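Grab a pencil and work through these exercises with the model open beside you. Try each task before you read its solution.

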Amino acid sequence: MALPSKFSSVGLSKEESRRSLSSGGGRPRPKPAEYIYRRIDAKVHNAAEVNTYRNAPELVPMDDTKEAKAISDYVQTSRSSGTLEVDAMDLDTLCQTQRQTFVVDGNMSYLIVDTNFILSHLDVLDQLRKLAKEHRHRIVIPTTVIQELDGLKNSSRSEKGSGISVSTMSKLARWAIDWIYNCFAVKDPGVVGQTKDQRINRLAVKDEAILDCCLYIKRENPKTIQVLMSNDKNLCAKALSNDILTVSYRDGMTAESIASTISHENFHQFGRLERHTIVKERHIEIPCTSNEEIEKKVFDEVFSLTKAMVHHCIVQNYGSDMSLVRGYDKDKIQSLYDVADVVSRFWIPVFSRYFDSSVYKERFAGKFPNKEFCDQTHDKASLKEFITFWSGFLEAIVGRELDGKKVAHMNTIIQRWWDMQTLYNE
């Protein structure tokens, strides 16, 4: 009997001639992004139900690169939108030089953790903690990561649109914070935090602050390996350009493979190093060497803090409706002139409530704001006026928006500006 075919003796029936024929199995369709989000939500939801019956941080494995990328994208979006705005006012005020004795273990490696990595791979980090003594490494938690985790834990970000749910990210952040706290509480030698003075650029924020943490460790700990643990490709590229090694999650990656690879690289670069003791000076930086440096330092800090507080006020006022705000883009604020423009344009809906003094109303309430104090100063008298104007501006906002600890930080910074002003040589 012949098979139905247009080439066979029996030919094809009308029904068969209209039928589409194909051979082999169909190509598997890629799962949509929503499927990845739902899978993450389900993992965290199930873990949360189990965690209800025991008081310990849940180590939820995100053992798929798509899951890791989804969490990394969430963190990056939150950073860019200002949801994870960190405290840019945590600066030291006194110049100190301390001579300290350090015991340095041979062939030490430092694993600096990004926010997205600790959220996605807390189980891997906990295994690395257990392997710390065997492979001679320490996990470093940057200050910025703790601040961002705290922001995610208490996030009020809108649930609109597709993506990982806010409640899921809040649970992951809370478990990460609990894990960090437990490690610090028992003084686990495998996990350490970044201290306030362990910085090079004190004005660095977000991913730049995490990179700064890597660079500080590299500078202060010669003959050690520094490894950034991050799923953010852009941040990893910056790290690699500064000779910082990076680890991003790949399918099948384990803590043992990470630890052994890093320790092998350490021995390859430095050979076998014995434990030794060194004495070195530990500096806490303060700028005071010349008039030009004082002017620049005060100006840069005023700009950084006013930009941060202006953005904070805008976000607090509009909240989840930020996407509907026209004429505002934080990334376009590049100078104090831009700060003055934003304050002027949003004076009535946002900033008028903070200022009882007519000084600021006269300068910002009009259509064309007065920009007298928007340039870097060049003499002691103008520096004094500059500090007076902008310190009053910041104090008016900070006193109403931030808690007591951050207000104290601001007062400390302003006092430092006045201290530097007194060192200005006429």
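**Exercise 1. Take stock of the whole chain.**
Task: How many helices and strands does the protein have, and what share of its residues is buried?

Solution:
- Start with the secondary structure: this predicted model has 17 helices and seven strands.
- Next, check burial: 45% of the 426 residues count as buried.
- Then look at the outside. The accessible surface is about 23,000 Å², and carbon and sulfur atoms make up 50% of that.
- Finally, look at how the chain comes back on itself. Take the contacts between residues at least 6 apart in sequence: 77% of them join residues at least 24 apart.

**Exercise 2. Find the nonpolar cores.**
Task: Which residues of the largest nonpolar core touch the most other members?

Solution:
- The largest core has 57 residues, and the ones touching the most other members are Ile118, Leu119, Leu128, Ile141, Trp179 and Met229.
- Ask where the members come from: helix H8 (residues 166–185) gives the largest share, nine residues.
- A second, separate core has 44 residues, including Ile294, Phe303, Met309 and Phe364.
- Now zoom in on Ile141. Setting aside residues up to four places away in sequence, Ile141 touches Val113, Ile118, Ile146, Trp179, Ile180, Phe184, Val191, Val192, Gly193 and Gln194.
- As background, nonpolar side chains in soluble globular proteins tend to be buried together.

**Exercise 3. Check the cysteines.**
Task: How many disulfides does the structure hold, and why is Cys236 not bonded to Cys214?

Solution:
- The count is zero disulfides.
- The closest cysteine sulfur to that of Cys236 is in Cys214, 9.5 Å away. A disulfide needs the two sulfurs within 2.5 Å, so this pair is too far apart for a bond.
- What about burial? Cys236 has 6% relative accessibility, so it counts as buried.
- Cys374 is buried as well, with 4% relative accessibility.

**Exercise 4. Walk along helix H16.**
Task: What span is expected for H16, and what span does it reach?

Solution:
- H16 covers residues 380–401, which is 22 residues.
- At 1.5 Å a residue you'd expect 32 Å; from first C-alpha to last, H16 reaches 31 Å, close to that value.
- Look at the start of H16: a side-chain oxygen of Asp379 comes within 3.1 Å of the backbone nitrogen of Ala381.
- List the buried residues: Leu383, Phe386, Ile387, Phe389, Trp390, Ser391, Gly392, Phe393, Leu394, Ile397 and Val398.
- Then see what covers them. The cover includes helices H12 (291–318), H13 (336–345), H14 (347–351), H15 (358–364) and H17 (404–422).

**Exercise 5. Track down two charged residues.**
Task: Is Arg416 buried or exposed, and which residues does Glu295 touch?

Solution:
- Arg416 sits in helix H17. Its relative accessibility is 2%, so Arg416 counts as buried.
- Its side chain has a partner: a polar contact of 2.3 Å joins Arg416 to the side chain of Glu301.
- Move to Glu295, in helix H12. With a relative accessible area of 5%, Glu295 is buried too.
- Leaving out residues up to four places away in sequence, Glu295 touches Gln376, Thr377, His378, Asp379 and Tyr424.
- One of these, Gln376, is 81 residues from Glu295 along the chain, yet their C-alpha atoms are 6.7 Å apart.

**Exercise 6. Look at some loop residues.**
Task: Where do Arg136, Lys223 and Arg272 lie?

Solution:
- Arg136 is in the loop between helix H6 (132–135) and strand S3 (137–141). Its phi is near 55°, a positive value, and it isn't a glycine. Arg136 is partly exposed, at 32% relative accessible area.
- Lys223 is in the loop between helix H9 (206–220) and strand S5 (225–229). Its phi is positive, about 60°, though again this is no glycine. At 57%, Lys223 is exposed.
- Arg272 is in the loop between helix H11 (255–270) and strand S7 (276–284). Its relative accessible area is 59%, over the 50% mark, so Arg272 is exposed.
- Beyond its neighbours within four places in sequence, Arg272 contacts Asn107 and Phe267. Arg272 and Asn107 are 165 residues apart along the chain, with 6.7 Å between their C-alpha atoms.

Terms used
Residues are numbered from 1 along each chain as its sequence is written. This is a predicted model: local features need pLDDT of at least 70, side-chain atom pairs count only at pLDDT 80 or more; totals for chains, interfaces and linings use all residues. Side-chain values use heavy atoms; hydrogens and water are left out. Helices (H or I, at least four residues) and strands (E, at least two) are DSSP runs, numbered from the N terminus. Buried means under 20% relative accessible area, exposed over 50%, partly exposed in between (1.4 Å probe, protein chains only). Contact means heavy atoms within 4.5 Å. Accessible areas come from the Shrake-Rupley method with a 1.4 Å probe; for residues, only the protein chains shown count as cover. A nonpolar core is a set of buried Ala, Val, Leu, Ile, Met, Phe, Trp, Tyr and Cys residues joined through side-chain atoms within 4.5 Å. The expected span of a helix is 1.5 Å times one less than its number of residues. A polar contact is a pair of N or O atoms within 3.5 Å; within protein, one must be able to donate a hydrogen and the other to accept it, and residues adjacent in sequence count only if both atoms are side-chain atoms.
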